[in-house]
Structure formats: structure tokens, C-alpha cells
Amino acid sequence: MESTCTKEPTTTRCRRRLHLHYKHRRRGVYCFFFTGIFPEKYLIFLTILYILGLITCAGPLLTILHPPPPPPPGSLYRSQELFLKLWPEIQSDNASALELDNLWRYRRKLKEQRPCLDANAPPEHPVFQGLQRYLIVDANGGLNQQRSSICNAVALAGLLNATLVIPRFDLHNVWNDPSEFGDIYDEDYFVSTLKDYVTVVHELPNELMESYNFSISNIPSLRVQAWASARFYLDEVYPVLQETRVVRISPFANRLATSIPPHIQYLRCLANYKALRFSSTIMDLAKRIVNRMTVKSLNSGGKYVSVHLRFEEDMVAFSCCVYDGGDTEKSDMDAIREKGWGKKFMQKNRTFAPGLNRVNGRCPMTPVEVGMMLRGMGFSSNTSIYLASGTIYHEERYLEPLRKMFPLLQTKESLATSDELASIQGFSSRLAALDYMVCLYSEVFVTTQGGNFPHFLMGHRRFLYNGHAKTIMPDKSKLVVLLQNESLSWDSFKDEMETMLAESDRKSIMVPRVKKSTRKGSIYLNPLPECRCLWESHNSTDFLC
């Protein structure tokens, strides 16, 4: 028993050893075989390649099993496709056209009729005795941002009892317009209109200029926070002005609160709605173009529709929206952003969300979208339209559908000769001023994108037309959803547009009560009731001359 018991373990042990030896030997042969053919570094590479292959194959599989959610309604540009589908119906639509004479139905009634205050009310600070003090501002931005700086400067000069030096314009590489104050505005008229309220001079006296080596750029610039209150200027800036005799503020856009003392607010109204008259060159050309536009609109009683279209390449690039240009559009927009804004759009924390921008109504409307909206509202193909715009991005492609819907479309280039435009050609602010005046005279103004131009123009029209802006303000968040729906019928689209037109009529007379210092609460967009006293003291035709 003992010998039997001792032999069995030994035999088993020997068999296990032989098995393991053979197994290790076989593995060693395989290892030797693979190592001989593939060096170790290639084995690592093959392993990584294998893992990447699994990932590559797993991605589409996961997409099939768990597809991404569809894009939200309105996030994709499909307007061109919808236009091509609906064009036969649009072309054959013989429904009764809108009459421009009876378009606006709402009438504004001023509920608050406070007595007009004396614009020469005593200031809140001691009047300077002896030497004059001077205010210098650098107006930055485009035409109407500069305009707000000028008006705010007049108000601030009145608040500080300072003499205002004609504002200087900053040169920006986007607008690229070297125009000075006198190139755009009637400088003498500006000075004479304000003379009983604020003294305005063309330049500093030599005694002060000598202190700064005859260069205004050598005058230290005060940095002021946006929407600074009147109290801030009286407490912080007034003592500096009293000590140094000259204060320079740069930049000055949006550097004064919308809510200021009534007698100072009057100066802001006076500057914007009377003193700032465009130069005779611009005004004379504007009158000629308006007359020609009126003649071409005889079928509607000489009245026409003006459209402010912001589909220039710089606006499209700045919006970071995507249309249908593919790789070509992307490379164009990247180049324009880099040229106009440097590395601003290339920062690591900068994210692009074109679909979200479109859903939120931040994308500039294309010409075809404007045309479909107006035809849907009831404007016939015989409606005369003035298109206020810079150079349209890919004009030959994007403008054609609008011309098909409105053959009587006109621009400043079609209404004026090249000789007439020569003095302002190449100057973006002067061209914008010309568009501003032609739009001001129109019976209907259509805004397609936010910004200073439509805000100032709507305010000016409210001032002229007893509180009614006579402006179509599309609900773009709603519009993009409709324009992406390729199954939408023309009748359904028309119903939606008629509702949108009625809402624009209502909004044209609204005056939002905004407590904060924002653009919506300013006299530039809503002049009444704060500028009512100026409006009542002059015949409204004075402001159209």
C-alpha cells in the first residue's frame, strides 16, 4: 500500500512536468516565431491599429443603434428650396394687393402730457468762472454709433457746462471710412443750432494745444464705464475738468446713461432730431433719389417700401451663421473674420453655434427670405422697393429671387449716376447716410437685422410720424421655422405673414418702459414722450429739410 501510494504521485507529477514543458516549449516556439517575423515595436503598432479598428467600427454601429437627435426646427437654412417649390404659387397669386395708404391702422395716443420743461434750467453744479473748459470725445463705430456719441457728447457738455470740441471719428478696419465730421454732417448748422444751449468749437485754442505739443492724441484719455450716470460725471469727471480745463474721453460710444435730468435729455433730443443734419452733398443727392423713387412709384400714389438688408459679407461673417455655400462659404467667412477682427474668432474658448443663432433670430435675412415674407404679407409684384444695403454677399446668386418677386426693385446705384455718387463712393458712412434719408421718406420701412441703423431710423420715423415707426419688424425666430418646413403650403405661409404684419403695426407704436440703461429705453429708438417738447415746438416738416 505504501509503495503504491508513493509511486502514484510521482508519476502524476512527472506527467504534469512533461505537459508543462511541452506547453512552454510550444509557446516559446510561437513566441520565437512571431518575434522573429515581427519585432516587438511592430507588435505594439499592430495592437494599437487593432484597437483603432474596433473604435472605428463601433462608431457607426453606435450611431445606428443610438442616432443623434434631429436638429431643432429652424436651425437649417432651407429657404431657397422652399422658394423654388412655392414659386409657381407665388407667381400666380392674384389676391388683392395691400394699399400703402391704408396699411397702418394703429394710432398712438400720448397718455402723459406733462408740461414742457425749460431747457435752460439751472445746472446742478456751479457755473465756471473765467477760463473756458473743453470736452473732447472720440466717436467710434459706424455711422449711427458715431451719431449716438455726438448726441451724448452734447448732453454731457451741457451737464458739465463745458465747451464741446467737434467730435473726432475713429477709423475702424471694418468700416474703413476716414470721413470727418464735416464730410457727413453740416458742421455750421450743427454749431448754430446748439449755440443757445451748448458752445461748440472746431478746435482747442492754441494756448491749450501748445501744452500738448499741438496734438489732441497727447491729451490723456479718461476711461469711462458704459452707461455711466450723470452723477458719476458730476462727481468724477467734473473735478478733473475744473483742474485741467480739458477732458478727453475715448472711446465714447454708450458712455452716458439713457436716464438723465430732463433739461439735459432735451439737449440729446435737440442734437439728434434737429442739429445733426447731413451735409449738403448728401442731402441734395438724397432729395434727387427720393424724387426719382417717387416717380417710379406712381402706381401706389408715389409711396414706396424701403428695406434695410444686412447681407453684406462682413455681416454674414460676424454673425457666424451658415447658409448654403459649403466649403467655399466657410473659407470666405474665415478670411473675412480674420481681416476684420483679427484673432477674435480664433480664440480657444470661442464656440460656433450657427443653428442656435438661427433659431434665436440672430442670422441676417437673405434676399429670398425678405421677398417671400413681403409677398406673403400681401405686397404685390408691382410694389416699388428701395433696397438700402452695401455690397450683397454673392449678389448675383442671392439677389436674383428677390428681383423675380419684385421687379421694381431699386438701389442707390440704379437711381443715381456714377458721377452723382462719385463724391461719396467708397465711404461707407456717407453711403449709409444716403440710405438713411431715402428710408426715412418711405411709407414702409422693413428692418431685417438688429443694429444702430434700424434703431435710429425707427426712432426718427416715430418722431416724424407722431409716434408710429411705420416699420415691419419680422419675428425671425418664428420665420426660420416656417422657412425650413418644405411641406408648408403658400396659403398657410400667407396666413402667418399677415399675422406678423399686424404685430409689426402694433409694435410700431409701442414705447417699452425699460428702467435699465439700454438701447430699447433710449430716445434714439423711442423719442416720445421725452422729446415731445421739441416735437411740439417745431413743425415736423422742418426736420425733413
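**Note on the predicted model**

1. Glutamate 498 sits in helix H22. The model is predicted. Glutamate 498 has a relative accessible area of 41%. It counts as partly exposed because that class runs between the 20% cut-off for buried and the 50% cut-off for exposed.

2. Which residues gather with Glu498 in a patch of negative charge on the surface? They are Glu89, Asp491 and Asp495. Helix H22 spans residues 490-507. This helix gives the patch its largest share, 3 residues.

3. Now a residue elsewhere in the chain. Tyrosine 266 belongs to helix H9, which covers residues 262-275. Is tyrosine 266 buried or exposed? Its relative accessibility is 15%. Tyrosine 266 therefore counts as buried, since the class takes in values under 20%.

4. Tyrosine 266 also pairs a long sequence separation with a short listed distance to check in the viewer: leucine 534 is 268 residues away in sequence, yet the C-alpha atoms are 7.5 Å apart in space.

5. The wider contact pattern comes next. Take the contacts in the protein between residues at least 6 apart in sequence. Of these, 81% join residues at least 24 apart.

6. On the overall make-up, the protein has 23 helices and 11 strands. It contains 545 residues, and 46% of them are buried. The accessible surface is about 28,600 Å². Carbon and sulfur atoms account for 54% of that surface.

Definitions and conventions
Residues are numbered from 1 along each chain as its sequence is written. This is a predicted model: local features need pLDDT of at least 70, side-chain atom pairs count only at pLDDT 80 or more; totals for chains, interfaces and linings use all residues. Side-chain values use heavy atoms; hydrogens and water are left out. Patches are made of residues with over 30% relative accessible area and no salt bridge: like charges are joined within 9 Å, nonpolar side chains (Val, Leu, Ile, Met, Phe, Trp, Tyr) within 5 Å. Accessible areas come from the Shrake-Rupley method with a 1.4 Å probe; for residues, only the protein chains shown count as cover. A salt bridge is a side-chain nitrogen of Lys or Arg within 4 Å of a carboxyl oxygen of Asp or Glu. Lys and Arg count as positive and Asp and Glu as negative; His and the chain ends are not counted. The place of a charge is taken as NZ of Lys, CZ of Arg, CG of Asp or CD of Glu. Helices (H or I, at least four residues) and strands (E, at least two) are DSSP runs, numbered from the N terminus. Buried means under 20% relative accessible area, exposed over 50%, partly exposed in between (1.4 Å probe, protein chains only). Contact means heavy atoms within 4.5 Å.
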